[in-house]
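Please look at the sequence and the structure below, and then read the report that follows on the inside of this protein and on one of its pockets.

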Amino acid sequence: PCESNCVASTGFMKTRNWIMNYEKIEIKGDINTVVQSSAEGSPHKNLVFMYRTDKIFPDLNAMKKNKQKNSGGVMTLSGGTGEVAWTREMTNEPRSIDCSLIDCDKSGTKDCLILDEFGQLACLDINGHFIYYLSNQKATKQTRKDLLDFPLMLPDLDNDKVNEIMMSSSNGKSNSSDLIIISGANGKLVFKETQNCSYVHKLQIDNDYTIKYICIVKENTEQ
């Protein structure tokens, strides 16, 4: 992400702006690019990553201080220097992130939706502040299986100028799961309907606003 034109020195085929090493973390997942204003007011691009902590040499003192496990979180790197702009720890390891879908706080800049290892959803702005976190106490790795589909974006249903979000949510029962719609602005539950599926995935919406999805039932058969 060059801040200015990248011109190779004479005799070199390639050039780079920076190279950085980050210790005791694993950067994972897709790279999300966000546009942020600097102190001078000019916009610049930063990189948003998910990360997880070192599994071999964890920071035991930090974990003891927080009285909970720290599986990872989200970090932003300066596009111009590669320096860490900010990090936000999460109790559960993040599995997927997208910073291009929704402006939760109506600031004019897209925010980041994060899905963790238990299928719980959070919205984080580009300054590293959580706008909301949709927690599900009944969600476990066993009930969520390994299929964690990213939420489906719906039109604005409550006229607050923010699109709504549809996703599958575990209800703690092995043979059923909930299909829910939450407010994109504040994460509050708008709609919930229990499906006779061990889990639901591949949510999609047609031009006529018909919702389609694949329901996994017993013996891993699809409907």
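## A pocket and two cores

In this predicted model, the second largest pocket has a lining of 15 residues, and those nearest its centre are Ser-135, Asn-136, Ser-169, Ser-170 and Ile-180. The volume of this second largest pocket is about 270 Å³. Three strands, β10, β11 and β12 (189–195), each contribute at least two residues to the lining, and β10 gives the most, with three residues. The table sorts the lining residues by kind.

| Kind of lining residue | Number in the second largest pocket |
|---|---|
| Nonpolar | five residues |
| Polar | seven residues |
| Charged | three residues |

The strands β10 and β11 also appear in the next part of the picture. The largest nonpolar core consists of 13 residues, and among those with the most contacts inside it are Ile-102, Leu-113, Leu-121 and Ile-165. Two or more residues of this core come from each of β6 (111–116), β7 (121–124), β10 (164–170) and β11 (177–182). Another core, of twelve residues, lies apart from it and includes Val-74, Trp-86, Cys-99 and Cys-112.

Which residues does Leu-121 touch, if residues up to four places away in sequence are not counted? Its partners include Leu-113, Ile-114, Leu-115, Tyr-133, Pro-151, Ile-165 and Ile-182.

For the protein as a whole, there are two helices and 14 strands, and buried residues make up 41% of its 223 residues. The protein exposes about 13500 Å², of which carbon and sulfur atoms supply 48%.

Technical notes:
Residues numbered from 1 in each chain as written. Predicted model: local features only at pLDDT ≥ 70, side-chain atom pairs only at ≥ 80, totals over all residues. Heavy atoms only, no water. Core = buried A, V, L, I, M, F, W, Y, C linked by side-chain atoms within 4.5 Å. Buried < 20%, exposed > 50% of the residue type's maximum accessible area, 1.4 Å probe, protein only. Helix = DSSP H or I, 4+ residues; strand = E, 2+ residues; numbered from the N terminus. Contact = heavy atoms within 4.5 Å. Areas by Shrake-Rupley, 256 points an atom, 1.4 Å probe, with all protein chains shown as cover. 1 Å grid on protein atoms, 1.4 Å probe; cavity = no way out; pocket = protein on both sides within 12 Å on 5 of 7 lines; lining within 4 Å. Points joined across faces, edges and corners; volume = space filled by probe spheres on them. Nonpolar A, V, L, I, M, F, W, Y, C, P; charged D, E, K, R; others polar.
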